[in-house]
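This report describes the fold of a single protein chain for a reader at the bench. Please keep the model open while reading.

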Amino acid sequence: MINLTVNGRAVSLDADPDMPLLWAVREELQLTGSKFGCGAAQCGACTMHVAGAPVRSCMTPISSVQGPVTTIEGIASDKIGQAVQAAWVAHDVAQCGYCQSGQVMSAVALLKTHKKPTDAQIDEAMAGNLCRCGTYTRIRAAIHAAAATLA
């Protein structure tokens, strides 16, 4: 049995310890907001937080998880998560939407460590989160807007 805390809830999974966190969350816990993109930790669609840090869950075995897991579903009650999601809507960031859960999770992690991030800090934090629709300018604007509402 693998014991995890996901979105504040203790769960026990009877699963292969090598199962990627993404599949444990999506298939075993039915939390499908985090997406499978590339399967190689290169696109960021699967980003979740483990112990507060963004991780690529498609390549993270559940046996290696140390600390609580937060998914896109779990940030709804988080003040920073709410600010980021509201800014995403206000700035019309999402087009196809596929990458957005990973983008939002990376933005939330950034704002937890940098209250007023610079463009360079945003670019660094968001590197590796690919958006095939190319809304990078809106993503940066939304992160600045979310930071402003949290100030």
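The text below moves from the whole chain to two helices and then to one loop residue.

**The chain as a whole**

The structure is a predicted model. It holds 5 helices and 5 strands, and from the N terminus on these elements follow the order β-β-α-β-β-β-α-α-α-α. The C-alpha atoms occupy a box of roughly 45 × 30 × 25 Å along the principal axes. For 151 residues, a compact globule would have a radius of gyration near 15 Å, and the chain, at 15 Å, therefore agrees with that expectation.

Buried residues account for 43% of the 151 residues. Of the contacts between residues at least 6 apart in sequence, 58% link residues at least 24 apart. The exposed area of the chain is about 7400 Å², and 53% of that area comes from carbon and sulfur atoms. The chain carries 11 positive and 11 negative charges, whose mean positions lie 10 Å apart.

**Helix 3 and helix 1**

Helix 3 spans residues 100–113, and its first and last C-alpha atoms are 20 Å apart, close to the 20 Å expected at 1.5 Å a residue. This helix is mostly covered, with 12 of its 14 residues buried. Among them are Gln100, Ser101, Gly102 and Gln103, as well as Leu110 and Leu111. The buried residues of helix 3 pack against three strands and three helices, as listed here.

| Partner of helix 3 | Residues |
|---|---|
| Strand 3 | 47–50 |
| Strand 4 | 53–56 |
| Strand 5 | 69–70 |
| Helix 2 | 79–90 |
| Helix 4 | 119–126 |
| Helix 5 | 136–150 |

In helix 1 (residues 21–28), the buried residues are Leu21, Leu22, Ala24, Val25 and Arg26. Their cover includes strand 1 (2–6), strand 2 (9–13), strand 3 and strand 5. Strand 3 and strand 5 also appear among the partners of helix 3. Just past the end of helix 1, Gln30 adopts a positive phi of about 60°.

**Ala41 in its loop**

Where does Ala41 lie? Its place is the loop between helix 1 and strand 3. Is Ala41 buried or partly exposed? Ala41 counts as partly exposed because its relative accessibility is 27%, whereas a buried residue would be under 20%.

Beyond its neighbours within four places in sequence, Ala41 makes contact with Arg56, Cys58 and Met59. The C-alpha atoms of Ala41 and Cys58 are 6.4 Å apart, although the two residues stand 17 residues apart along the chain.

Conventions:
Residues numbered from 1 in each chain as written. Predicted model: local features only at pLDDT ≥ 70, side-chain atom pairs only at ≥ 80, totals over all residues. Heavy atoms only, no water. Helix = DSSP H or I, 4+ residues; strand = E, 2+ residues; numbered from the N terminus. Expected span 1.5 Å × (residues − 1). Buried < 20%, exposed > 50% of the residue type's maximum accessible area, 1.4 Å probe, protein only. Contact = heavy atoms within 4.5 Å. Rg over C-alpha atoms; globule rule 2.2 N^0.38 Å. Areas by Shrake-Rupley, 256 points an atom, 1.4 Å probe, with all protein chains shown as cover. Lys, Arg positive; Asp, Glu negative; His and termini not counted. Charge placed at Lys NZ, Arg CZ, Asp CG, Glu CD.
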